[in-house]
Amino acid sequence: MAKSKKLAGVKEFCEGAKFTPITSNFVAAMAENGRLPELKMIATRFEEQCMASRNEVKCVITTAHDLTAAQLTKVQDSIKGHAPAGSKLKVETKVDPRLLGGLTASIGEKFFDLSLLTTIKKYEAVIAAPL
């Protein structure tokens, strides 16, 4: 497909999505330079910068089953001590049935794995190790 046709499609998409002129120009410049595949990474880094300016820390909690509101509150209270002092946690929850039980939590650069899957794998490695 011709570059001009791709660029026209991107501009049409931006208009349909009602992007601001600044955003539309940015996306068009990315398209012109063949950098559209990098938009997701740029958006992620931009979100991180915005969160840092608001003193927020992203926390992703992954469990085998949905947490109740009481369970989520308890987990959040436990995790607050691992976040930088004075920061606000921005919590995102995910469900991954492969964990079997327990949870994993990432807070900024820190990662905690308290899942049953990891515990089972550790025991399997011990059992499989030669004597």
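Trainee: Which residue forms a salt bridge with K80?
Mentor: Let's start with the ground rules: this is a predicted model, where local features need pLDDT of at least 70 and side-chain atom pairs count only at pLDDT 80 or more, while totals for chains, interfaces and linings use all residues. Residues are numbered from 1 along each chain as its sequence is written, and side-chain values use heavy atoms, leaving out hydrogens and water. A salt bridge needs a side-chain nitrogen of Lys or Arg within 4 Å of a carboxyl oxygen of Asp or Glu. For K80 the closest N and O atoms are 3.6 Å apart, and the partner is D77.

Trainee: Is K80 buried or exposed?
Mentor: Buried means under 20% relative accessible area, exposed over 50%, and partly exposed in between (1.4 Å probe, protein chains only). Its partner D77, with 47%, is partly exposed. K80 has 52% relative accessibility, so it counts as exposed.

Trainee: How many salt bridges does the structure hold?
Mentor: Side chains of opposite charge can pair when their charged atoms come close. The pair of K80 and D77 is a salt bridge, and another is formed by K90 and E47. For the structure, the number of salt bridges is 8.

Trainee: How many residues apart are K90 and E47?
Mentor: In this salt bridge the closest N and O atoms are 3.5 Å apart. The pair links distant parts of the chain, with K90 in strand β2 and E47 in helix α3; helices (H or I, at least four residues) and strands (E, at least two) are DSSP runs, numbered from the N terminus. K90 is partly exposed at 36%, and E47 is partly exposed at 30%. Along the chain, their separation in residues is 43.

Trainee: What is the distance between the closest N and O atoms of R98 and D96?
Mentor: R98 is exposed, with a relative accessible area of 62%, whereas D96 is buried at 18%. Elsewhere, salt bridges that share partners join K58, E92 and K94 into one network. For R98 and D96, the closest N and O atoms are apart by 2.9 Å.

Trainee: How many disulfides are there?
Mentor: A disulfide is a covalent bond between the sulfur atoms of two cysteines. Here, a pair counts when the sulfur atoms lie within 2.5 Å. The sulfur of C50 is 19 Å from the closest cysteine sulfur, in C14, so it is too far for a bond; the sulfur of C59 is also too far, at 19 Å from its closest, in C50. The count of disulfides is therefore 0.

Trainee: Is C59 buried or exposed?
Mentor: C50 makes a useful neighbour in this discussion: at 22% relative accessibility, C50 is partly exposed. C59 has a relative accessibility of 0%, so C59 counts as buried.

Trainee: What is the volume of the largest pocket?
Mentor: On a 1 Å grid over the protein atoms alone, a pocket is an open set of points where a 1.4 Å probe fits, with protein on both sides within 12 Å along at least five of seven lines. Grid points are joined across faces, edges and corners, and the volume is the space filled by probe spheres set on the points. For the largest pocket, this gives about 380 Å³.

Trainee: Which element gives the most residues to the lining of the largest pocket?
Mentor: Lining residues have an atom within 4 Å of a point, and there are 17 of them, with E48, M51, V57, K58 and G108 nearest the centre. The elements giving two or more residues are α3 (39-53), β1 (56-63) and β2 (88-95). With 5 residues, the element that gives the most is α3.

Trainee: How many charged residues are in the lining of the largest pocket?
Mentor: Ala, Val, Leu, Ile, Met, Phe, Trp, Tyr, Cys and Pro count as nonpolar, Asp, Glu, Lys and Arg as charged, and the others, Gly among them, as polar. The lining has 5 nonpolar and 5 polar residues, and the number of charged residues is 7.

Trainee: Are the rings of F13 and F19 stacked or edge-to-face?
Mentor: Rings of Phe, Tyr and Trp (its six-membered ring) pair if their centres lie within 6.5 Å; planes under 30 degrees apart are stacked, over 60 edge-to-face and the rest tilted. By this rule there is 1 aromatic pair. The centres of F13 and F19 are 5.8 Å apart and their planes lie at 85°, so the pair is edge-to-face.
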